[in-house]
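Let's take a walk through this structure together. Please have the sequence and the 3D view at hand.

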Amino acid sequence: NNALQNTAGNRPIYRTAQDNNLPALQFTGDLFIDAPAPGIAGTSSLTYLMVFHDTQTTIGGINDGSGEYILDRATATNELMSLKPLTGNKYALQKRDNGGGGLGGPVSTTSINTNSKWIEMNRNKAVSYNLFYNGALEATVGDTDGNITPPSPRIGRHATTANGGLRGFLHEFIIYSSIINNAQRILINNYISAKY
């Protein structure tokens, strides 16, 4: 799937020679691209992986729309699967169910930093939401949210808040329509580590 931005002034900037001399998209807080709905059924599990580094952060709460979003949804609907810096200097998977309930999510134990990192957010349907930092599980929250159809992702900014987005560089965004297992995680970690 291809993400795009029709408004030239909101497009992230393609930069060469970034981490490990590879290109990246630079975001400045108000730049974003929207991807189509991932086509994952609400009855399914899922995995999102993001490789990025932020150069500056504004933090928000786990139960609010404040702060800067690295990943949000393209429109402000009830379904939510977002990544944001959180008060307390951590990263959080912020989720919400179709009815607008279940707001919250797992929070990293690793502090926000300007290093390149990869964060895996997954939902093991009817079991748990999990947040991994550089391949290591850091937090788990039980899943009692019912069916959640993953919304179209907004990459780099909050759905509606101007300047509510990533200030830094995005290298990769990968989506699976299932939970990846430990063997797959090791392969992905090796791929990302070798690359960045």
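What follows goes from a pair of strands to the loop after them and then to the cavities. Keep in mind that this is a predicted model.

A good place to start is strand 7, which spans residues 90-96. Of its 7 residues, 6 are buried, so the rest of the structure largely encloses this strand. Its partner is strand 6, residues 80-86, and the two run antiparallel, joined by 7 bridges. If you look for Met81, you will find that its bridge partner in strand 7 is Lys95. Strand 6 and strand 7 form a hairpin with 3 residues between the strands, and there Gly88 takes a positive phi near 100°.

Now follow the chain onward into the loop between strand 7 and strand 8 (117-124), where Gly101 lies. Is Gly101 buried or exposed? Gly101 is partly exposed, at a relative accessible area of 25%. Between Gly101 and Asn78 there are 8.2 Å from C-alpha to C-alpha, although the two are 23 residues apart in sequence.

Finally, let's look inside. Searching the whole structure turns up 2 cavities of 30 Å³ or more. The largest holds about 50 Å³ of space, and the bridge partners Met81 and Lys95 are among the residues lining this cavity, as are Leu46, Leu80 and Arg123. Its lining comprises 6 nonpolar and 2 charged residues, with no polar ones.

The second largest cavity holds about 30 Å³. Met81 appears in this lining too, along with Tyr48, Asp72, Arg73, Pro151 and Pro153. Here the lining divides into 4 nonpolar and 2 charged residues, again with no polar ones.

Definitions and conventions: Residues numbered from 1 in each chain as written. Predicted model: local features only at pLDDT ≥ 70, side-chain atom pairs only at ≥ 80, totals over all residues. Heavy atoms only, no water. Buried < 20%, exposed > 50% of the residue type's maximum accessible area, 1.4 Å probe, protein only. Helix = DSSP H or I, 4+ residues; strand = E, 2+ residues; numbered from the N terminus. Pairing = 2+ DSSP bridges. 1 Å grid on protein atoms, 1.4 Å probe; cavity = no way out; pocket = protein on both sides within 12 Å on 5 of 7 lines; lining within 4 Å. Points joined across faces, edges and corners; volume = space filled by probe spheres on them. Nonpolar A, V, L, I, M, F, W, Y, C, P; charged D, E, K, R; others polar.
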